[in-house]
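Visitor: Could you take me through a close look at the aromatic rings here? I would like the geometry of the ring contacts and what sits around them.

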Amino acid sequence: MKISMLFKTLLLTFGSFLIVNFINAQEPTVGLIYNSGNATEGYTLYTPEGNNTSVLINNCGELINEWQFNENPGLTCYILENGNILRAGQDSLQIRDWNNNVIWTYAMDDNNLPQHHDI
């Protein structure tokens, strides 16, 4: 009976060791995956398709700021000289400040104007 219990303990310990090492050996899937010396200094502003956020990250993949919108993007966003963000949505244009407050909005669909990717 003692040998059986010892065997189970060793098997559990070895199995846990294998699982932990397997998980640690996996490549990261979130954050910065590749950093080349060819990258220029600065930030990256992007709006993921099918998502109502716009995100600003640094070259290390760290989140600098994030803005939440009410609609999916029209695939374009810009940081203006004063630090506000101008973003094209599917049916509107919006300017938001650094703290995500709406500064200006223009409803494209209310004025029968189509939105086509860029502003």
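Guide: Happily, and one definition helps at the outset: a charge sits over a ring if NZ of Lys or CZ of Arg is within 6 Å of the ring centre and within 35 degrees of the ring normal. Please keep in mind that this is a predicted model.

With that definition, look at Phe69. Arg87 lies over the face of Phe69, 4.2 Å from the ring centre. Arg96 also places its charged end over the ring of Phe69, at 4.7 Å from the centre.

Now to contacts between rings, where a pair is described by the distance of the centres and the angle of the planes. Searching the whole structure turns up two aromatic pairs. One of them joins Trp67 and Trp98 edge-to-face, with 5.6 Å from centre to centre and 85° between the planes. Trp67 belongs to strand E3 (residues 63–68), while Trp98 is in the loop between strand E6 (92–96) and strand E7 (102–107), so this pair ties together parts that are 31 residues apart in sequence. The two partners have their own surroundings: Trp67 counts as buried because its relative accessibility is 0%, and Trp98, at 41%, counts as partly exposed.

Trp104 and Tyr106 make a pair as well: their ring centres are 6.3 Å apart and their planes are at 10°, so the pair is stacked. The cut-off behind that word is planes under 30 degrees apart. Trp104 is partly exposed, with a relative accessible area of 40%, and Tyr106 is partly exposed with 30%.

Methods: Residues numbered from 1 in each chain as written. Predicted model: local features only at pLDDT ≥ 70, side-chain atom pairs only at ≥ 80, totals over all residues. Heavy atoms only, no water. Phe/Tyr/Trp six-rings, centres within 6.5 Å; stacked < 30°, edge-to-face > 60°. Helix = DSSP H or I, 4+ residues; strand = E, 2+ residues; numbered from the N terminus. Buried < 20%, exposed > 50% of the residue type's maximum accessible area, 1.4 Å probe, protein only.
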